[in-house]
Amino acid sequence: MTTLTPVATRSQATPLTSSAIKSILRKPTTVLGRRSREEDGESSDGLPGSSPAKKRKTVMFNDKLNMIKEFGGKTLDDAKREVKQALEGHARGDDEDYDGLKEIFCPSPKRTIVEEEDADAPQPQDLQVYVVALTSHAPLLDRSCSGLIRAVLNCTWLDRDDVFARAYIQLLAALSAKVYFRQQALSMMVDKFTETRSSTVEVVPGFPPVDSETKKERLHLGLKYLLELYADARPMILDIVTHNFPHTEESKTRHMEYIDHLLRLKVDKPDLERDIMELILSRLVKLDVEMTLDLENDDDETTRAVLRQLEASNAKSDDEDDDAMSDADSDDEDEEESDEQTRRILLLKSKLETMDAILDLLFSIYDPVFADPDSPEALATFEDLLTDFVNVILPHLKSRHTQYLLFKFAMKSNRLMEMFIGTLFNIAFQSTRAPVVKQAAVAYLASFTARGARVQSDQVQLIAQTFLDYIDHYRNTHTSCRGPDIRRYGQYYAYFQGLLYIFCFRWRDLIDRDEVPASFDWDDPASFLGQDLPWMKGLRQRLQVNIASKLNPLKCCSPIIVDEFARLSHHLRLIYIYPQIEKNKTIHLSQFFTSSYATGGALRDSGFEFDHENWTHIEACFPFDPFQLPVAKRWLDLDKNYVEWRSIAMLEKGGDDDSDSEEDDDDDVSDDGMGEIGDASDYESDEDVEAGGVEHHEEDESTDEERDGYHGSFRRI
């Protein structure tokens, strides 16, 4: 038998006024309704303790929410009899007492007004005795009592005192013995996740105001108790919190309040931690992908306006309520409210703020774990992150920021970095994986290698060597290829494009440093221009063979990446590919495959075929493009961990001389045939290098900051 602990019903600062309770039954003999104030130890003015012979009553319950035994001097036997009679009458079809019981738990506004002048009406403090009585008769409740259950669940219980909250939790536990009531009880509690904010204080007459933190503690005390009592409550609560997670367009305040409750639930029930963290991460990815698609579909001016709004609001108070997006910077916002563009900018800004706040919170949760990155706890946590990455993040290549959780912590140690790279390689080469997932893994590999400042030169060469091995093997096993086809050979083009991307960022790491003269300045890229460099073994020859093959990767890779690779490889005398680029302009990829409708591949003509050349290129989407969220960015230490795009100054100031030089080169090459691929040194003179190099397209005249902007491309990288 659990030891009972006495707890006062009310603090001395707020004495309990125990008024008479009007019976829910029609019989006038109810003890609860006719007990005199003198019998209860009350004076005529209704204050407890007026009789010196009587002691103030206490509430009795155990430390584990055992059933209350006494309340305010009123025995429970009479209350139990009333409740039992009401439930039995309801079972017979007589609902008068049953309806009265419902009104006690959730009184109608009309009844509340009438009862203000009714001395015998139940008072807010008196509800507790009915809670205890109904708990003892919970087995009598069935599906026919759904109306009473709704009234009980709509009862205001967080805004009373701790004693009432514990008694109410016991009632919920008793009701939850039946599965169909358990679902309703858990749903009611999760619904309150977004109702415990300090701005929604509801004062119950006779009780002092309850602060937000106290309400949260009471709510999670109840949730923890139910989850410990019923094993099948675990999948129920996971389904409910997933279904109730705020929509992406809801405010940052609502999202953060909900996530705060999820994290408290994780602490209460550690066995739910993995599911809860995966849920938060999946919803963050959903928001991330939506934002990427929204900004890709908008023009650059809208994107810049959103980012300006985001940066401006970053200085504002985090406690500001943004439910109505009332934090617009414009003084004449009221006049612009009808402007669809303004509303869209504010909505996008609100989403970005929400995403920024959630990611910032996740960084703050994980960062202390990786204080010692090689500790068993850090390794186990990183393995969990990798699992979430594979299941939640990787399938969505449009995610732009969530994956930086992996980027940040992989940079903490070489062991964590190798775990991340190894996971990506395993997925990229796993035959059972969907092609789109394998291509996403290749994009992550290339982007992480290119952008990770702590990825060492030997690791860069090893990854590049693996990419070369794959494209050589793929080319050798597809000798019957008729021509470039992104649908059939997408994996090949993903690897080749990833290799070009790595070269553009890490070309110095692909040079054999042992054979480079000591006079070279590794911090000055311009010192390498026009030199015969000792490239990684096989790099030049294997690139030449693949570019000249029927697979023709330059035709199917992103033109932006191909153009940047062409410029760098030409000036660094690795390989000269402009003839092949010019030749590819005359090739239409649609000639290498026919309509799916014409060949019986579709039941009807969808009207969508790959006739437009834009649909025949691998998208230039690399996951670790520049991070744009202003608050969460503070965790990344980008100066030490991130490689930003830096163009070579000499290649950016060639001006018209570059175009003239390139035209001369093209004229010379055209005499020899456009189809040949050769070393860059075969086509470039020292004078060309000193003049600034090859053709400098007008679209490349943006600044480095613009190149490293929100949308991932070399025009903005």
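**Figure 1. Arginine 508 is placed over the face of the ring of tryptophan 507.** In this predicted model, the distance from arginine 508 to the ring centre of tryptophan 507 comes to 5.4 Å. A second arrangement of this kind involves arginine 160, which lies over the face of phenylalanine 164 at 4.8 Å from the ring centre.

**Figure 2. Tryptophan 157 and tyrosine 168 form a stacked aromatic pair.** The model holds a count of 39 aromatic pairs. In the pair formed by tryptophan 157 and tyrosine 168, the rings lie 4.9 Å apart from centre to centre, with 20° between their planes. Tryptophan 157 belongs to the loop between helix H6 (146-153) and helix H7 (162-175), whereas tyrosine 168 belongs to helix H7 itself, so that the pair links distant parts of the chain, eleven residues apart. Both tryptophan 157 and tyrosine 168 are buried.

**Figure 3. Tyrosine 444 and phenylalanine 624 meet edge-to-face.** The centres of these two rings are 5.6 Å apart, and their planes are set at 80° to each other. Here, too, distant parts of the chain are linked, with tyrosine 444 in helix H19 (residues 435-451) and phenylalanine 624, 180 residues apart from it, in the loop between helix H25 (578-584) and helix H26 (638-641). Tyrosine 444 counts as buried because its relative accessibility is 0%, where the cut-off for buried is under 20%. Phenylalanine 624 likewise counts as buried, because its relative accessibility is 0%.

**Figure 4. Ring pairs link a set of phenylalanine and tyrosine residues into a cluster.** The phenylalanines of this cluster are Phe425, Phe429, Phe467 and Phe496. They are joined in the cluster by the tyrosines Tyr470, Tyr474, Tyr489, Tyr492, Tyr493 and Tyr495.

**Figure 5. Helix H3 (residues 96-105) has buried residues that include Tyr98 and Phe105.** The buried residues of H3 are Asp97, Tyr98, Gly100, Leu101, Ile104 and Phe105. Because these residues cover an arc of only 160° around the axis, they are on the same side of H3.

**Figure 6. Helix H16 (residues 376-393) has a span that agrees with its number of residues.** At 1.5 Å a residue, the 18 residues of H16 should span 26 Å, and because the end C-alpha atoms are 24 Å apart, the two values agree. The buried residues of H16 include Ala378, Leu379, Phe382, Leu385, Asp388, Phe389 and Ile393. Among the elements that cover the buried residues of H16 are helix H12 (273-297), helix H15 (340-366), helix H17 (404-410), helix H18 (414-428) and H19.

Note on methods: Residues numbered from 1 in each chain as written. Predicted model: local features only at pLDDT ≥ 70, side-chain atom pairs only at ≥ 80, totals over all residues. Heavy atoms only, no water. Phe/Tyr/Trp six-rings, centres within 6.5 Å; stacked < 30°, edge-to-face > 60°. Helix = DSSP H or I, 4+ residues; strand = E, 2+ residues; numbered from the N terminus. Buried < 20%, exposed > 50% of the residue type's maximum accessible area, 1.4 Å probe, protein only. Lys NZ or Arg CZ within 6 Å of the ring centre and 35° of its normal. Arc of directions from axis to C-beta. Expected span 1.5 Å × (residues − 1). Contact = heavy atoms within 4.5 Å.
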